[in-house]
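Reader: Thanks for sitting down with me. Could we go through some of the labels and see what stands behind each of them?

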Amino acid sequence: MMHLQTRSSEEIRSFYTLNDGLPQKAECSGTACFVASKSMGIPLPHKGSGHERIYCLGKCFSAPASTEDSGVPRIANFSRKSVLVEPLMKHPYESLDQYTSESGMSGLKVALSMDQDSVISEVEKSGLRGRGGAGFPTGIKWRSVAKEKAGKKYVVMNGDEGDPGSYIDRFLMEYNPYALIESMIICGYAVGASVGYAYIRAEYPEAIRKFVSAAREMASAGFLGRDVMGSGFQFDLEVVQGKGSYICGEETALMRSIEGLRPEVSVRPPYPTEKGLFGNPTVIDNVETLANIPWIIRNGHQAYSELGYGKSRGTKLLSLNSLFVNPGIYEVEFGTPLETIFYEIGGGMKHGSIKGVMVGGPLSGIMVPDEFKTRLDYEEIRKAGASLGHGGIIAFDEATGIGDLLEHVATFAADESCGKCTPCRLGTAELSRMFRKDSGSSLDYARFERDVESLATGSLCGLGTGMAEFARSAKIKFSYEVKSCFM
Ligand code: SF4
């Protein structure tokens, strides 16, 4: 009914960096660790220091971090109403009994008492949008799969939170896996899927352990399997452990990874809602998106849509990096100005002042202090030339040079490119070389601009276009500093 799947196919092992799981001792090379190292004046690990680079262990609140750090982030709610963190500020859920004693599983009970169409309507009317970066309306996705006539459909939880700077999904999977499984069952019931896959990255061993344990408890208690809560509805769950690849966070690559294929990105259409996992209609939702569902079903769409701003309804979890005075995970209502988040909630920088902030991880635009009146909103952040992404906020101070940051982000993109598109495969490596001080590469500003434009127009997925967005924003917002790298 449920097992931890660790597919291994020898011919694709070379694609991954963590085929044998996370090493016991490893340092993080993610962007929050990079800017923290710069601020503290200490070096980051390089390739060749015993293991491949590991981009983000999800411990950005205590960066620079290693696998041996066991601290927990500060967690708080700054929304008028908390959807996600309120119970978790007291404690993580350690057992199904504890979860059910605090209204856990009542969302599923309510959903099973409704017809499928009404469940989807609730999600549609709530205004919930995907929290993985694209912001696509969740209800529309669910309805598309529900409409398909296929005999087999799937629900996939995307727990491959590879965006350096974000540790939101790690927190949700470790603190409340029960709500995520409850949500997957609700989704399966609503769209007519009887099998779910939870794909969790290898960099999060504790999340995998807790998720598997929660799934076993829920299967024993009759929430999974042939007859969910005596309703006659069947839902089985498999947990798949990732093997160390950023690109598996992209939905088509993730599905190929589950299928045991080389996880390259595929051209869309067809979309996963029509032809997804094993060629069948599939809902793929990110962890935070799913975490909202039981609350919406329990409290009704209106309670949710009352929160928020513009087309961004509800609340968002944000994870702030270690250079803030108050790093941690915060639930914030959409519409909150970024300056409130950075200076009041985050408390500003521990040292010096904010030079720039990557709001949606490194593969999106940088925001600078002049833009901090922008509200937390998919569209407003987009207008400022950046993206909300997962909501992993990385602020950096004057100790981080923009040329060094460009080299770091381009190296990350080059290491993680799936290699399918030429501008991304060659361009990210070229950008990395261009800004590496010891590369001996001759710096050519016109070449830099050409590479960035090819990435923007010739990339199939967000890794290549995100690299271009980052480089363009660096070029515009730190024009003098970027140009000075070429003098
Ligand atoms: S942009 Fe890069 S990561 Fe994305 S599909 Fe193309 S080569 Fe692969």
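**Labels and their reasons**

Author: Happy to. Keep in mind that this is a predicted model. A good place to begin is the side chain of Asp 285, which makes a polar contact with the side chain of Trp 142 at 2.9 Å.

Reader: What makes the pair of Asp 285 and Trp 142 a polar contact?

Author: The cut-off for a pair of N or O atoms is 3.5 Å. The two side chains come to 2.9 Å, so the pair counts as a polar contact.

Reader: Why is Asp 285 called buried?

Author: Buried means under 20% relative accessible area. Asp 285 has 2%, and therefore it is buried. This residue is found in strand E6, residues 282–286. Leaving out residues up to four places away in sequence, Asp 285 touches several others, among them Thr 138, Lys 141 and Leu 290.

Reader: And Gly 389, why does that residue get the label buried?

Author: Its relative accessible area is 10%. The limit is under 20%, so Gly 389 is buried. Gly 389 lies in the loop between helix H14 (378–383) and strand E13 (392–396). Its contacts, not counting residues up to four places away in sequence, are Arg 131, Gly 132, Gly 133 and Gly 360.

Reader: Which residues are the closest to the ligand?

Author: Cys 418, Lys 420, Cys 421, Cys 424 and Cys 461, out of 13 that surround the ligand. By class, the shell has 8 nonpolar, 4 polar and 1 charged residues. The ligand takes up the space of the second largest cavity.

How values were computed. Residues numbered from 1 in each chain as written. Predicted model: local features only at pLDDT ≥ 70, side-chain atom pairs only at ≥ 80, totals over all residues. Heavy atoms only, no water. Near = heavy atom within 4 Å. 1 Å grid on protein atoms, 1.4 Å probe; cavity = no way out; pocket = protein on both sides within 12 Å on 5 of 7 lines; lining within 4 Å. Sits in = over half its atoms within 2 Å of the grid points. Nonpolar A, V, L, I, M, F, W, Y, C, P; charged D, E, K, R; others polar. Helix = DSSP H or I, 4+ residues; strand = E, 2+ residues; numbered from the N terminus. Buried < 20%, exposed > 50% of the residue type's maximum accessible area, 1.4 Å probe, protein only. Polar contact = N/O pair within 3.5 Å; in protein donor to acceptor, adjacent residues only side chain to side chain. Contact = heavy atoms within 4.5 Å.
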